[in-house]
Amino acid sequence: MSHASRTAPRICPLCEATCGLTLTIEGTTVTGARGDRDDIFSRGFICPKGASFGGLDADPDRLRVPLVRGEDGELREATWDEAFDRIAARIPALVEAHGPQAVGVVLGNPNVHTMAGSLYPPLLLAALRTRNVFTASTLDQMPKHVSSGLLFGDANAIPVPDLDRTDHLLLIGANPLESNGSLCTAPDFPGRLRALRRRGGTLTVIDPRRTRTARLADRHVAIRPGADALLLAAMAHVLLEEKLTDPGVLAEHLEGADELAVALADFTPDAVAAACDVDAATITALARELAAAPTAAVYGRIGSCTVEHGTLASWLVDVLNILTGNLDRPGGALFPLSATARAPRGAAPGKGHAPGKGHAPGKGFALGRWASRVSGHPEAKGELPTAALAEEIETPGEGRIRALIVLAANPVLSAPDGDRLDAALAGHLDFMVSVDPYLNETSRHADVVLPPPPPSQSAHFDFAFNSFAVHNQVRYTRAPIPLEDGRMDESEIHARLILAVSGMHGAPPSAVDDLAIATAITKAGAPKELAGELTGRSGPERRLDLMLRLGPYGLTLEQLLAHPHGIDLGPLKPRVPEILRTRSGRIELLPAPIAADLPRLRRALGDRPAPLVLVGRRHLRSNNSWMHNVVSLSGGSNVCTLQVHPDDAARLGLVDGATVRIESAGGGIEAPAEITDTVRSGVVSLPHGWGHSRPGTRMAVAAAHPGANVNQLLDGSLLDPLSGTAVLNAIPVTVTPSP
């Protein structure tokens with residue numbers, strides 16, 4: 001039976017670029033995906049991930065019904081009622097017997113790629129009352145949240161480079177031609193960088209690898225991995241010493257400028273040059289070029305975050321933007337204003353910006369309000385280090401995690417020492433729930449697996465990524481294909497999970513959304529009657545409508561539905577002092593936790609570098625471990641090889657394509673060698689997210705090309721102390737030919 005072909009718009013959920021797609025659909029099958037030329041943000045751009053939408057959507061290994069573990073220990077298919085009955089019978093009883101800290105929650109990065117993953121986890125955590133929360137942030141961007149919290153008083157106030165208007169862009173630890181951008185939502189990042197070059201701008205890339213992004217640059221600086229904070233501190237020192245600072249209108253909102261100069265006095269270009277393996281003249285030139293540019297922006301990402309001094313490096317990125325007057329001005333680094341953000345203080349919802357004068361102090365940002373049970377790791381942004389999850393499960397005593405809820409996460413592959421976590425999940429938990437479309441290396445341990453439907457059967461709105469967009473805009477797409485019989489909408493899965501763990505099992509899922517709406521209206525001081533005015537087919541749509549109405553532009557869901565390709569809300573605008581939430585009401589240039597950590601950075605000036613260190617790398621055709629089961633994305637450049645410089649290969653006796661042994665303090669793995677001069681000498685590179693060789697999974701494509709789990713080289717003991725982020729880069733290793 002043939003079905004007429006039709007097209008439908010859909011926002012791509014597969015990376016942070018949020019490109020608009022046009023799907024071709026035959027019956028209930030996505031047969032093609034191309035870039036949506038009418039999309040107001042992406043203008044037709046598409047990458048290989050977006051083009052593979054249909055293949056991922058129809059992956060035969062995606063689970064379609066819940067799995068429940070039987071008395072024989074095997075997972076079997078079950079009804080949705082059976083699955084939630086089991087959860088309702090187990091988790092509340094464990095909480096009653098052992099307290100709320102007996103339950104841990106793990107949130108993976110796919111959560112921010114779905115509406116349900118953004119809307120419901122906060123409600124789940126509130127229902128559980130647990131402090132044992134672990135997320136992908138402490139394997140990625142937590143240093144930026146912490147530095148923003150300390151500087152601006154709000155951990156989510158993260159400035160992004162004004163890519164379309166800047167004259168000078170300095171990237172450190174970022175490879176957006178492969179990643180498509182991160183904490184910087186920018187469809188067609190490659191095109192935007194090329195446009196910068198065409199208009200006479202300058203692109204500088206600081207990276208130990210000659211990445212695709214570095215090859216596009218005017219200047220590529222091959223820094224020694226892990227030395228990012230030292231180099232940035234030296235650049236700030238040059239600006240201060242040579243009196244090249246000019247904060248401009250920000251000057252009246254700054255606190256701690258004099259103390260900053262004293263704190264950075266020892267980080268001269270000459271002092272840091274050896275540790276960075278970048279000569280003093282180059283460091284000085286980088287600082288002077290930044291100061292001389294008409295407009296400029298410094299942008300750092302995962303390569304500068306997942307290192308020993310990740311929070312200091314993230315802080316210094318914004319210090320450089322501030323000192324040169326480029327923070328919060330067009331062409332510099334600005335704070336986006338999403339359509340669902342809370343209305344600025346002093347302005348009614350939908351009324352735009354608050355007046356700039358008389359800005360009141362905020363509550364500020366605090367670290368270490370509690371600590372992990374075993375190792376005493378301080379919380380950051382309400383989260384504990386994911387690297388500490390295994391010990392919190394396996395170590396006996398009061399407060400031990402006995403039940404785990406894992407939402408779209410695969411920490412067995414993404415966290416350090418997956419073998420230890422794997423054993424902890426298998427032998428030390430009383431109960432585990434996974435919300436995941438796959439039976440993967442982590443979800444295979446669950447007692448209940450709840451699979452969300454494929455993307456084509458889900459509505460989409462980017463709550464998180466619109467807050468990092470390089471242009472203010474808003475887009476929403478409903479599910480282009482009806483929910484398949486036997487499937488459950490992801491929002492209903494989350495709502496029923498919340499009801500099951502909170503003692504309200506059996507109540508309608510709409511009760512969760514109704515409570516969320518009532519709470520939001522009360523918190524905003526809006527009239528209760530507003531609840532009756534909301535439109536939408538579902539609870540999530542009504543909640544979206546409310547957030548839009550209460551937001552800074554005063555939009556409605558009906559307006560979004562009338563504009564399927566999006567609404568342009570204009571370029572980024574200055575938002576200081578509106579965004580400030582510090583206790584002083586000012587930008588605090590040298591917060592106390594930063595000042596206290598600078599001696600540790602100062603000691604790094606005398607460190608003797610290891611002969612060989614490991615760094616990760618991004619793949620355009622991948623997004624961590626959860627996209628390795630798509631046939632159209634496997635192979636080609638998307639392979640798990642250890643990149644080695646020819647000089648190192650010759651010294652170590654390595655042969656291109658031959659298997660090598662990589663060892664570190666945390667363990668050892670094997671991978672094929674790829675000899676290439678795109679990585680600097682003294683550095684080897686292995687991608688993240690591989691290691692699909694464990695039994696009991698149901699991901700055939702990934703298992704056929706398992707690769708090696710780079711995180712098995714790490715024992716989880718090395719963290720950035722301010723953010724709790726695992727050190728994943730600049731790891732000392734030895735590499736030998738495999739026997």
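Q: Buried means under 20% relative accessible area. In this predicted model, why does asparagine 321 count as buried?
A: The relative accessibility of asparagine 321 is 1%, and the limit is under 20%; asparagine 321 therefore counts as buried.

Q: Where does asparagine 321 lie, and which residues does asparagine 321 touch, not counting residues up to four places away in sequence?
A: Asparagine 321 belongs to helix α15. With those places set aside, asparagine 321 touches Ala296, Ala297, Val298, Asn326, Leu327 and Ala333. Contact here requires heavy atoms within 4.5 Å.

Q: Why does leucine 264 count as buried?
A: Leucine 264 has a relative accessibility of 0%. Since buried means under 20%, leucine 264 therefore counts as buried.

Q: Where is the place of leucine 264, and with which residues is leucine 264 in contact, leaving aside its neighbours within four places in sequence?
A: Leucine 264 is found in the loop between α11 and α12 (269-276). Apart from those neighbours, its contacts are Ala233, Ala236, His237, Leu240, Trp315 and Leu316. From leucine 264 to alanine 595 the separation is 331 residues in sequence, while the C-alpha atoms are 9.8 Å apart in space.

Q: What puts the buried residues of helix α24 on the same side?
A: In helix α24 (residues 592-603), the buried residues are Ile594, Asp597, Leu598, Arg600 and Leu601. Around the axis they cover an arc of only 165°, and therefore they lie on the same side of α24. As a general matter, an α-helix has 3.6 residues a turn, so residues three or four places apart point the same way.

Q: What covers the buried residues of α24, and which exposed residues does the face turned away from them carry?
A: The cover includes α6 (142-152), α10 (228-241), α11 (257-263), α15 (310-323) and β26 (719-720). On the face of α24 turned away from the buried side are the exposed residues Ala592, Ala596 and Arg603.

Q: Why is the pair of tryptophan 80 and phenylalanine 84 called by the name it bears: stacked, tilted or edge-to-face?
A: Rings pair if their centres lie within 6.5 Å, and planes under 30 degrees apart count as stacked. For tryptophan 80 and phenylalanine 84 the centres are 6.4 Å apart and the planes stand at 20°, so this pair is stacked. By this rule the count is four aromatic pairs.

Q: Where do tryptophan 80 and phenylalanine 84 lie, and are they buried or exposed?
A: Helix α3 (residues 80-98) holds both tryptophan 80 and phenylalanine 84, which are four residues apart, about one turn of the helix. Both residues are buried.

Q: How do we know which charged groups sit over a ring?
A: The CZ atom of Arg must be within 6 Å of the ring centre and within 35 degrees of the ring normal. Arginine 543 has its charged end over the ring of tyrosine 120, at 5.0 Å from the centre. Arginine 62 lies over the face of tyrosine 438, with 6.0 Å to the ring centre.

Q: What makes the side chains of strand β23 alternate between faces?
A: In β23 (residues 659-664), Val660, Ile662 and Ser664 point to one face and are buried, whereas Thr659, Arg661 and Glu663 point to the other and are not. Such alternation between the two faces of the sheet is that of a regular strand.

Q: How do we know that β23 pairs with β24 and with β29?
A: Two strands pair if there are at least two bridges between them. Six bridges join β23 to the antiparallel strand β24 (residues 667-675), where isoleucine 669 is the bridge partner of isoleucine 662. These two strands form a hairpin with two residues between them. Four bridges, also in the antiparallel sense, pair β23 with β29 (residues 734-737). In β29, threonine 736 is the bridge partner of arginine 661, and threonine 734 that of glutamate 663.

Q: What makes β28 and β29 edge strands?
A: The open sheet of seven strands has the order β28-β21-β25-β22-β24-β23-β29, with mixed pairing. Both β28 (731-732) and β29 are edge strands: each pairs on one side only.

Q: What is the order of the open sheet that includes β6 and β15, and how many bridges do β6 and β15 share?
A: The order is β5-β4-β17-β16-β15-β6-β7, seven strands with mixed pairing. Its edge strands are β5 (75-77) and β7 (133-135), and the twist from one strand to the next averages 15°. Five bridges pair β6 (residues 103-107) with β15 (residues 403-407) in the parallel sense, and in β15 alanine 403 is the bridge partner of valine 103.

Note on methods
Residues are numbered from 1 along each chain as its sequence is written. This is a predicted model: local features need pLDDT of at least 70, side-chain atom pairs count only at pLDDT 80 or more; totals for chains, interfaces and linings use all residues. Side-chain values use heavy atoms; hydrogens and water are left out. Rings of Phe, Tyr and Trp (its six-membered ring) pair if their centres lie within 6.5 Å; planes under 30 degrees apart count as stacked, over 60 as edge-to-face and the rest as tilted. Buried means under 20% relative accessible area, exposed over 50%, partly exposed in between (1.4 Å probe, protein chains only). Axes are lines fitted to C-alpha atoms, for helices over the stretch in contact, and angles run from 0 to 180 degrees between N-to-C directions. The arc is that of the directions from the helix axis to the C-beta atoms.
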